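Thanks for coming, everyone. I'll walk through one structure today. Have a look at it first.

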Amino acid sequence: MPDHYAVVGNPVAHSQSPRIHALFAEQTGEDIRYDRLEAPLEGFADRVRTFFDQGGHGLNVTVPFKQEAWQLADFRTPRAEHAGAVNTLIRHADGRLEGDNTDGVGLVRDLINNHDVLIRGRRVLILGAGGAVRGILLPLVEQAPLELVIANRTLSRAEGLLPLCHGVTRDALAFDDLAAEHPFDLVINGTSAGLDGGMPPLPDGLLSADAAVQEMAYGADGSAFRDWARDQGASRTIDGLGMLVEQAAESFFLWRGVRPRTAPVIEELRADLG
Ligand code: ATR
């Protein structure tokens with residue numbers, strides 16, 4: 001019988017994870033089954049326990065349960081501890097659940113490996129200060145950017161994340177303050193403004209001559225933020241599809257000990273999305 005994995009969320013019908021992991025399994029010859037699991041909003045822990053009691057091997061966790069998964073894990077990796085959120089649960093032989101977070105490493109690998117974007121020594125601006133942004137800070141800091149600036153609609157939330165950026169020059173700003181900033185080499189949009197077709201209010205002149213922008217969300221639809229970045233002369237405008245596949249590849253590696261190639265999977269999903 002194949003080893004059993006799933007992605008748990010609510011809603012979860014839209015999740016691309018089953019498709020991604022099926023492509024990884026096909027590519028690597030790993031014998032796995034990977035399903036979607038919708039947990040009731042008040043019943044996450046029970047759903048997870050039942051899955052593992054029935055012999056499940058590992059779970060990916062998506063909205064809105066990543067913080068609950070963090071609490072449920074018996075122990076956590078340093079990067080999950082730091083993120084305050086868990087997107088990967090691994091069942092160990094003794095039955096204990098390890099919680100990890102592969103979102104940040106997924107984002108960094110997509111930028112560096114798939115888009116040749118340098119983070120080390122560059123000025124990096126992050127837009128947003130919610131759970132998604134918190135999850136990527138440690139892997140970004142580990143790349144040693146010259147400076148990390150977090151801008152958010154609610155300034156206090158951006159300020160609250162600064163202690164998590166220990167070791168690099170860092171600052172928290174409101175969007176209005178951005179007009180006075182020097183240009184940035186990399187701008188990462190981690191706000192959820194795009195869900196309503198919007199984007200944070202950004203001034204002209206925010207991007208350096210060779211700047212890249214990265215959006216954490218993905219989808220076939222256009223994006224106001226990436227349109228804005230192209231108008232502003234960004235050299236690369238990147239959506240979140242590569243990050244999605246890279247974080248999945250890291251989960252697959254944690255579970256199976258095999259690292260799948262991501263480029264053909266990104267290409268196939270891109271084609272699916274039209
Ligand atoms: P997630 O887990 O996706 O990060 P979240 O914790 O609700 O979700 O955070 C959403 C982020 O998008 C926040 O930074 C939010 O700004 P506030 O902290 O001020 O709420 C930001 N955001 C949402 N809608 C926005 C909009 N229309 N313009 C700018 N920022 C927006």
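**Strands, sheet and charges**

Let's start with a single residue. Aspartate 171 sits in strand E9, residues 169-173. Keep in mind that this is a predicted model. Is aspartate 171 buried or partly exposed? Its relative accessible area is 31%, so aspartate 171 is partly exposed. It also has company. On the surface, Asp171 joins Glu159, Asp176 and Asp177 in a patch of negative charge.

Now the sheet. Six strands make it up, and it is open. The order runs E2-E1-E3-E5-E6-E4, with mixed pairing. Which strands are at the edges? They are E2 and E4, the latter covering 75-76, and each pairs on one side only.

Next, strand E1, residues 3-9. Six of its seven residues are buried, so E1 is largely enclosed by the rest of the structure. Its neighbour E2 spans residues 32-38. The two strands pair in the parallel sense, over seven bridges. Two positions give you the register. Aspartate 3 is opposite isoleucine 32 in E2. Alanine 6 has aspartate 35 of E2 as its bridge partner.

On to salt bridges. How many does the structure hold? The count is 19. I'll take three of them.

One is arginine 76 with glutamate 81. Their closest N and O atoms are 3.1 Å apart. Both ends are partly exposed: arginine 76 at 25% relative accessibility, glutamate 81 at 38%.

Another joins arginine 79 and aspartate 100, at 2.8 Å from N to O. This pair links distant parts of the chain, 21 residues apart. Arginine 79 is in helix H4, residues 78-83, while aspartate 100 is in strand E6, residues 97-100. The two ends sit in contrasting surroundings. Arginine 79 has 22% relative accessibility, so it counts as partly exposed. Aspartate 100 has 2%, so it counts as buried.

Then there is glutamate 215 with arginine 226. Here the closest N and O atoms are 3.1 Å apart. This pair also links distant parts of the chain, 11 residues apart. Glutamate 215 belongs to strand E11, residues 207-215, and arginine 226 to helix H9, residues 224-231. Buried or partly exposed, then? Glutamate 215 is buried at 6% relative accessibility. Arginine 226 is buried too, at 12%.

One last point, on a network. Salt bridges with shared partners tie together Arg79, Asp100, Arg109, Glu250 and Arg259. So arginine 79 and aspartate 100, the pair from a moment ago, both belong to that network.

Technical notes:
Residues numbered from 1 in each chain as written. Predicted model: local features only at pLDDT ≥ 70, side-chain atom pairs only at ≥ 80, totals over all residues. Heavy atoms only, no water. Patch = residues over 30% accessible without salt bridge, like charges linked within 9 Å, V, L, I, M, F, W, Y side chains within 5 Å. Areas by Shrake-Rupley, 256 points an atom, 1.4 Å probe, with all protein chains shown as cover. Salt bridge = Lys/Arg side-chain N within 4 Å of Asp/Glu carboxyl O. Lys, Arg positive; Asp, Glu negative; His and termini not counted. Charge placed at Lys NZ, Arg CZ, Asp CG, Glu CD. Helix = DSSP H or I, 4+ residues; strand = E, 2+ residues; numbered from the N terminus. Buried < 20%, exposed > 50% of the residue type's maximum accessible area, 1.4 Å probe, protein only. Pairing = 2+ DSSP bridges.
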